[in-house]
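Here are a few notes to read with the structure open beside you. Take them one at a time and find each spot as you go.

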Amino acid sequence: MSSATNAQGFGWQHSPVAGLRQSFSNLSDLSRWAALIGGLAILTVLVVLPMAMLFYGSVRDEPPGLEGNFTLQNYAFLFTPAFGMLVLRSVVIGIGSTALALAIGAALGVIIVRTRVPFAEKLDALVIVPAYLPPFVGAIAWIVLLSPQVGYLNIALRSLGLPTFNIYSYGGIIWVMGLYYAPLAYLYLRPALLGIDKSLEESAMVMGASPSVSLRRIVLPLAMPAIVASCLVIFVNAIGDFGIPGVLGFREGIEVITTALVRLVVKFPSDPNTATVLGIMLMAVTMLGLAVNNRILAKRDYTTLGVRGRGLGQARTGRWRYLGLTVIVAYLVIALVLPLLAMAVTSFQKFPSPKLLSSNWTLDNYRFIFSFPAIQRSIVNSIVLSFGAAAFGTVLATVLGYFTVKHGGRLTKFVDYLALSTIAVPHTVLGLGMIWFWVSVPIGIYGTKWILLFAYVAAFFPFSLRAAVSAFMQVDNSLEEAGRVFGASWGRTMWKIVVPMIIPALLSGATMMIYYSFRELTASLMLYTAGSEVIATAIWELYSEGRFVRLFALSMVNVVIVFALVALANRLSRVGGQHGQP
Amino acid sequence: MLKSVVAGVVAGCLGAGAVSLAHAQAGSVPDDISQEELIAKAKEEGRLTWYVSVPTPGSQAAAEAFMELYPEIQVDIQRLGGFGLWERLSSEFAANVHNVDVYSQADFGVRNDAAERGIIAPYIPPNARDYDPQFLDPDGFGFATRIVPSAIAYNTDLVSEEDAPKTWNDLLDPMWAGQKIGISDPRASGFTYAAFWKMTKSPAIGEEYFEKLKEQDPLVYEDSGQQINSLVSGEIPIVVLLDYRPWEFMEAGAPVKVVYPEEGVGWGMDYTHLAAQAPHPYAARLFMDFYASEEGTRAVAENLRTYVAMPGIGTYPEGYGRPALEELNLLPGDLQEQTADYDRFTEWFASIFD
């Protein structure tokens with residue numbers, strides 16, 4: 001729902017594959033160029049022009065289209081104390097939630113990857129699931145659990161004579177963000193931890209080092225680049241998140257950059273020009289974060305890629321196995337089971353109430369969900385749009401990924417950089433840029449489902465690109481050459497030889513695009529209209545109308561669909577012989 | 001293969017565009033048109049687009065009732081809460097895109113901007129001419145449907161009948177000090193702004209009242225959805241909020257009661273305007289005529305549990321003792337003055353409550 005909820009281990013550039021380039025250096029093949037230029041054109045329309053519109057808006061004194069003058073006045077806001085406070089609050093929340101997410105993610109990673117925890121394969125798939133739910137739904141569920149007076153957990157704590165928690169606080173926001181960004185940290189650390197050759201640890205053991213020493217001296221240094229990368233990406237996500245501070249920050253006046261930005265756009269008198277400046281600042285911070293990440297990753301090749309020691313559960317820490325299992329189960333209970341229970345219980349109530357022994361029970365909320373046209377539409381739209389975005393994104397990624405790997409060159413490198421840079425665009429900013437661009441291009445994209453599709457492709461396309469690039473890097477050029485020798489066209493060679501080889505990776509990229517498109521809120525909120533509602537906007541609308549019981553009923557439906565998608569993806573990836581993540 | 005996919009996508013987009021350009025024409029309707037002719041022309045147009053901030057259950061019900069009466073005319077609803085709708089409409093107008101026929105929204109400042117830029121045109125349906133004049137646009141740019149007072153509501157599990165506040169001043173009792181009262185944030189809602197502004201202009205209440213209320217350390221809810229849920233779940237005992245929300249929950253059995261203090265209640269209203277560049281001008285008028293009628297307003301009153309400007313509609317939910325709108329002491333206030341005072345008022349409010 002935020003800038004780069006997306007990012008899952010994106011390096012900014014891919015290792016050069018110089019050796020592969022020269023074979024295709026002749027430029028005669030027109031179809032390749034047509035494909036490259038087509039891909040570039042699509043990317044320009046999807047990302048570059050909307051962003052250009054945004055920059056234009058930031059130096060105008062009226063929204064685009066209105067008569068106005070050039071001005072730098074909008075940027076004056078950056079030098080006010082109010083802006084300083086917004087940045088400070090965003091940074092505090094960013095640092096706090098990053099630290100929490102990293103601590104949880106690292107614990108999950110070490111336990112699942114480095115110890116012989118029981119059910120490691122199953123846990124490996126389960127701990128990622130919290131990331132697939134819309135985070136603001138998690139935030140609302142946590143209100144039911146930790147509302148100061150009537151939250152279920154607080155009532156339990158009070159009856160035990162223990163201190164209670166107030167979810168409407170910095171701590172509350174950090175808690176919810178940390179819980180739901182932890183899977184992101186895990187996904188980053190997982191490959192790094194898997195890559196550490198177990199023989200290094202074994203040697204340490206032989207030399208008499210304790211597990212904690214080997215963790216500190218061997219695992220930690222080798223995992224450091226992944227740790228840094230995950231911190232940066234989570235931080236960028238956290239300060240770009242709108243839903244969680246939007247839901248939990250209002251009571252204590254915790255306004256952050258994203259909530260201020262949305263307020264400037266949707267509240268009258270609106271000031272979209274100042275909003276663009278906030279958006280550009282937010283984008284600058286995220287770009288900076290990812291550039292630092294890039295620099296760090298470029299310097300170190302951290303995969304040791306030993307032939308031995310791959311696979312889960314390698315280190316010998318047998319007696320800790322069940323302690324590890326307990327920690328993971330605790331995480332799953334807190335991040336998944338408790339909020340889901342709170343949602344499920346409330347979804348069967350006539351109105352939210354902590355009194356369970358009452359006649360406050362009903363099925364009406366589900367009846368409403370399945371009979372109200374706009375909500376039925378939203379369910380269909382969410383499925384169609386997320387699969388559509390994944391299909392569109394995968395085709396585009398295949399084209400661009402191919403040229404990045406096989407051709408190289410400055411133009412391709414630029415295209416590649418451009419494509420990946422979309423993860424630095426907060427979704428509030430993306431939504432605003434898209435409104436302004438498409439409203440001024442009168443070809444009927446604006447106000448239709450197309451604009452949502454384009455937004456999802458622009459926002460989550462890096463998943464597919466990343467998957468495609470790493471897949472193409474593993475395809476031996478000689479196969480393509482063989483195709484050419486036998487007189488097949490480039491298109492035919494691609495279709496018959498290369499595509500089948502890369503399908504498993506493309507599928508895993510597409511799966512991520514589906515998950516993230518499915519839960520996207522912020523850009524959708526700015527772009528949807530009646531007819532193009534998606535589940536996330538329908539949930540948000542129920543939220544803003546105060547219909548929490550119905551909101552939870554729809555969220556439960558959402559959860560069931562997401563679980564079905566996860567099950568489907570796991571089945572597909574087993575068939576394709578690949579793990580579900582890039 | 002890839003080329004054809006790209007070409008297909010581009011062609012699809014362009015095709016979709018051509019359709020929407022085709023009906024982008026404006027027109028004007030003679031004032032003396034007969035009802036029969038209006039209906040005939042509207043049916044010829046066959047559809048209209050309604051930009052509306054009225055929550056879906058109300059706007060959808062009104063549109064459906066209209067379509068039942070005129071099955072030949074399709075109502076396309078573009079519903080967005082708050083001001084997102086205005087942002088969109090004004091961007092569209094600036095880009096010379098005219099989709100909207102009828103525009104319903106809840107802020108007089110928006111109405112001023114829209115009138116000034118020629119986005120809306122004056123039109124008051126015949127049915128609305130009997131409304132209380134304060135529910136009509138002073139310059140004829142439309143009429144009100146929802147009338148939304150700000151009232152006190154309390155949780156009957158936490159507040160006894162005897163302790164329950166009956167007047168605004170009762171909220172200043174030391175009993176309610178310390179985050180016991182949750183008030184709506186006037187900066188987050190046009191209705192709340194209109195209501196609180198009228199309260200500050202009333203001699204019986206005034207700005208001093210809010211300054212004293214601050215001493216009680218109330219919670220300020222930017223989000224009225226969370227506010228009502230905090231009340232019904234028992235998180236806080238008393239709220240000052242837009243009055244329609246608790247009635248809906250009361251019907252579901254929630255332990256709440258609503259008090260309209262005798263000193264008077266501030267209130268806000270929404271407005272329905274005719275779009276000056278309406279692509280379907282006849283259908284637009286026909287729909288506005290219907291929306292200002294008994295049937296159209298009843299759809300809103302019944303589905304949103306709100307008061308409406310049309311007299312004699314009754315109150316919903318029925319049988320819960322909700323007073324009629326005429327029984328309330330609605331505080332007066334000049335709309336232009338109220339609108340012009342926005343910046344000063346919100347700054348003053350922030351200086352007290354932030």
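1. Start with the helices of chain A, and keep in mind that this is a predicted model. The crossing of α3(A) and α9(A) is right-handed. Helix α3(A) covers residues 81–114 and helix α9(A) covers residues 211–240; their axes are 9 Å apart and the packing angle is about 140°. That angle makes the pair oblique, because only values over 145 degrees would count as roughly antiparallel.

2. Now look at who touches whom. On the α3(A) side you'll find, among others, Ser90(A), Ile93(A), Gly94(A) and Arg114(A), and they face a group in α9(A) including Val219(A), Ile227(A) and Phe235(A). Sorted by class, this contact has 10 nonpolar, 6 polar and 1 charged residues.

3. Over to chain B, where five strands make an open, mixed sheet in the order β2-β1-β3-β11-β4. β2(B) and β4(B) are the edge strands, each pairing on one side only. β1(B) and β2(B) run parallel, joined by 6 bridges, and Thr49(B) sits opposite Asp76(B) in β2(B). Helix α10(B), residues 281–291, packs on this sheet and touches β1, β2, β3 and β11 of chain B. Its direction makes about 165° with that of β11(B).

4. Finally, try β9(B), residues 256–259. Which of its side chains are buried? Val256(B) and Val258(B) are, and they point to one face, while Lys257(B) and Val259(B) point to the other and are not buried. That fits the usual pattern: in a regular strand, side chains alternate between the two faces of the sheet. β9(B) pairs with β5(B) in the antiparallel sense over 4 bridges, and Val256(B) is the bridge partner of Asn155(B).

Notes: Residues numbered from 1 in each chain as written. Chains lettered and ligands numbered in written order. Predicted model: local features only at pLDDT ≥ 70, side-chain atom pairs only at ≥ 80, totals over all residues. Axes fitted to C-alpha atoms, helices over the stretch in contact; angles between N-to-C directions. Helix = DSSP H or I, 4+ residues; strand = E, 2+ residues; numbered from the N terminus. Parallel < 35°, antiparallel > 145°, perpendicular 65-115°, else oblique. Left-handed = near helix turned anticlockwise from the far one by under 90°. Contact = placed C-beta atoms within 7 Å. Nonpolar A, V, L, I, M, F, W, Y, C, P; charged D, E, K, R; others polar. Buried ≥ 20, exposed ≤ 12 C-beta atoms within 10 Å, placed from the backbone. Pairing = 2+ DSSP bridges.
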